[in-house]
Amino acid sequence: MITPGSIIGIVGGGQLGRMLAVAAAQLGYKCHIFDPHERPCAADVAADFTRAAYDDTAALAAFGQAVDIATYEFENLPVEPLRVLGDKLRPGTKSLAVAQDRAEEKAFIEATGARVAPWRSVSSFEDVEAAVAELGVPIVLKTRRYGYDGKGQAWIRSPEEAAAAWDAISHEPAVAEAGVSFAAEFSVIVARWADGRTTFWDSPDNVHREGILRTSTVPSGDLIASQTAEAREAAASIAEALRHIGVLTVEFFASADGPVVNEIAPRVHNSGHWTIEGAVTSQFEQHIRAVCDLPPGSTDLAAAAVAMDNLIGDEVHGWRDLLADPNAHVHIYGKGEARPGRKMGHVTRLTLK
């Protein structure tokens with residue numbers, strides 16, 4: 001057990017690291033952020049900050065000596081350098097390696113028995129043409145690495161669009177994935193302890209626009225509720241196969257055939273931000289509890305209904321109106337420039353009755 005008063009290292013200094021550090025401080029921990037940027041927003045709320053490249057093994061080794069336990073806030077990190085953190089890193093590098101390569105991720109998910117859309121690995125235009133012939137259209141090309149919030153993706157809705165889609169992803173190694181007919185999108189957020197214990201939150205109904213999550217709402221409605229048990233079983237199987245410690249998020253499509261896994265994130269997740277005010281224990285606190293081997297907190301709802309809206313780009317400039325709403329819980333991440341598509345904050349509203 002990593003007791004309160006210890007130092008938790010967080011690799012990555014974005015908003016997820018910031019919210020992890022706030023939750024850790026509430027439990028009496030100090031956090032040390034490792035990030036290559038000059039002023040990452042997580043460092044504003046942490047006790048210490050190391051500025052170094054993610055592949056700087058010497059800096060990572062020194063960071064590892066300075067902390068009692070370490071975790072990471074996003075998955076686009078070089079795996080090999082992080083191995084210098086050894087057993088201090090929770091979750092381990094296996095979760096990271098699987099989640100950051102879409103082909104490996106899909107094969108791994110299928111091996112656990114969970115359902116994914118039909119897919120093929122592609123590394124040439126000839127592979128793309130073969131995938132179109134085998135899977136039909138529509139299909140989506142997704143780069144194997146470094147794709148998030150809709151980046152690195154291109155749709156093929158007719159065979160004639162294949163070349164343009166291949167050009168759109170810059171001929172990067174990718175997966176070709178059959179389009180899924182679905183009525184809703186939802187996520188299962190599971191926290192797993194080293195001894196195999198797990199906890200789950202209510203699954204939110206997630207609405208995306210232009211590949212970016214815009215809203216998450218609980219309760220989610222009858223369709224998602226009817227598929228939650230199967231989805232939780234799949235998420236637990238994935239977490240167990242990874243020997244994951246901490247929070248893991250599995251995104252699903254609610255289809256006519258049941259829940260279909262879209263992708264996994266080996267970390268706290270945007271679709272769980274509502275848990276800060278909307279659950280007895282937030283995903284951030286539960287992650288700290290799991291990696292430090294503390295007892296689980298309750299994941300029960302703290303209100304009759306909860307809705308979270310992301311603040312994207314210039315939307316954050318409406319903070320005055322948001323703060324004028326006495327029922328709005330406003331979170332502004334302190335990230336500086338409000339670029340288009342950039343997540344600048346979120347607002348959560350609770351319905352108590």
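## Close-up views of a predicted model

Serine 170 is exposed, with a relative accessible area of 52%. This is a predicted model, and the legends below visit it one view at a time.

**View 1. Serine 170 sits in the loop between α7 (162–168) and β8 (174–178).** The backbone at serine 170 is worth a look: phi is positive, about 60°, although the residue is not a glycine. Its relative accessible area of 52% makes serine 170 an exposed residue, because exposed means over 50%.

**View 2. Arginine 243, in the loop between α8 and β13 (246–255), is another residue with a positive phi.** Here the angle is about 55°, and arginine 243 is not a glycine either.

**View 3. Threonine 143 belongs to strand β6 (residues 139–143).** Is threonine 143 buried or exposed? Its relative accessibility is 7%, so threonine 143 counts as buried, the limit being under 20%. Once the neighbours within four places in sequence are set aside, threonine 143 is in contact with Arg102, Gly152, Ile169, Glu172, Pro173 and Ala174. One of these partners, Ile169, is 26 residues away along the chain, and the C-alpha atoms of threonine 143 and isoleucine 169 are separated by 6.8 Å.

**View 4. Alanine 183 is a residue of strand β9 (residues 182–192).** With a relative accessible area of 63%, alanine 183 is exposed. Leaving aside the neighbours within four places in sequence, which residues is alanine 183 in contact with? They are Leu223 and Ala254. Follow the chain to alanine 256 and you have moved 73 residues in sequence from alanine 183, yet the two C-alpha atoms are 8.1 Å apart in space.

**View 5. Strand β4 (residues 69–72) is covered on both faces.** In a regular strand, side chains alternate between the two faces of the sheet. In β4, Ile69 and Thr71 are on one side, Ala70 and Tyr72 are on the other, and all are buried. Strand β1 (residues 7–11) runs parallel to β4, and four bridges join the two. For a landmark in this pairing, look for valine 11, which stands opposite tyrosine 72 in β4.

**View 6. A cis peptide bond joins arginine 90 and proline 91.** Omega at this bond is about -5°. Proline 91 is part of the loop between α3 (79–82) and α4 (93–99).

**View 7. A cis peptide bond is also found from valine 218 to proline 219.** Its omega is near -5°. Proline 219 lies in the loop that links β12 (212–218) with α8 (222–242).

**View 8. The second largest pocket has a volume of about 270 Å³.** It is lined by 15 residues, and the closest to its centre are Met19, Val22, Ala23, Ile276 and Ser282. Which elements give two or more residues to this lining? They are α1 (15–26), α10 (283–291) and β16 (328–332). Helix α1 provides the largest share, with five residues. By residue type, the lining of the second largest pocket divides into nine nonpolar, four polar and two charged.

**View 9. Arginine 289 is found in helix α10.** Why does arginine 289 count as buried? Its relative accessible area is 18%, and buried means under 20%, so arginine 289 falls in that class. Its contacts, leaving aside the neighbours within four places in sequence, are with Leu27, Trp193, Thr281, Leu294, Pro295, Pro296 and Gly297.

**View 10. The whole chain, with its eleven helices and 17 strands, closes the set.** The radius of gyration is 20 Å, close to the 20 Å that the globule rule gives for 353 residues, so the chain is as compact as a globular protein of that length. Taken along the principal axes, the box filled by the C-alpha atoms is roughly 60 × 55 × 40 Å. Buried residues make up 53% of the 353 in the chain. Among contacts with a separation of 6 or more, 60% are between residues 24 or more positions apart.

Note on methods: Residues numbered from 1 in each chain as written. Predicted model: local features only at pLDDT ≥ 70, side-chain atom pairs only at ≥ 80, totals over all residues. Heavy atoms only, no water. 1 Å grid on protein atoms, 1.4 Å probe; cavity = no way out; pocket = protein on both sides within 12 Å on 5 of 7 lines; lining within 4 Å. Points joined across faces, edges and corners; volume = space filled by probe spheres on them. Nonpolar A, V, L, I, M, F, W, Y, C, P; charged D, E, K, R; others polar. Buried < 20%, exposed > 50% of the residue type's maximum accessible area, 1.4 Å probe, protein only. Pairing = 2+ DSSP bridges. Rg over C-alpha atoms; globule rule 2.2 N^0.38 Å. Contact = heavy atoms within 4.5 Å.
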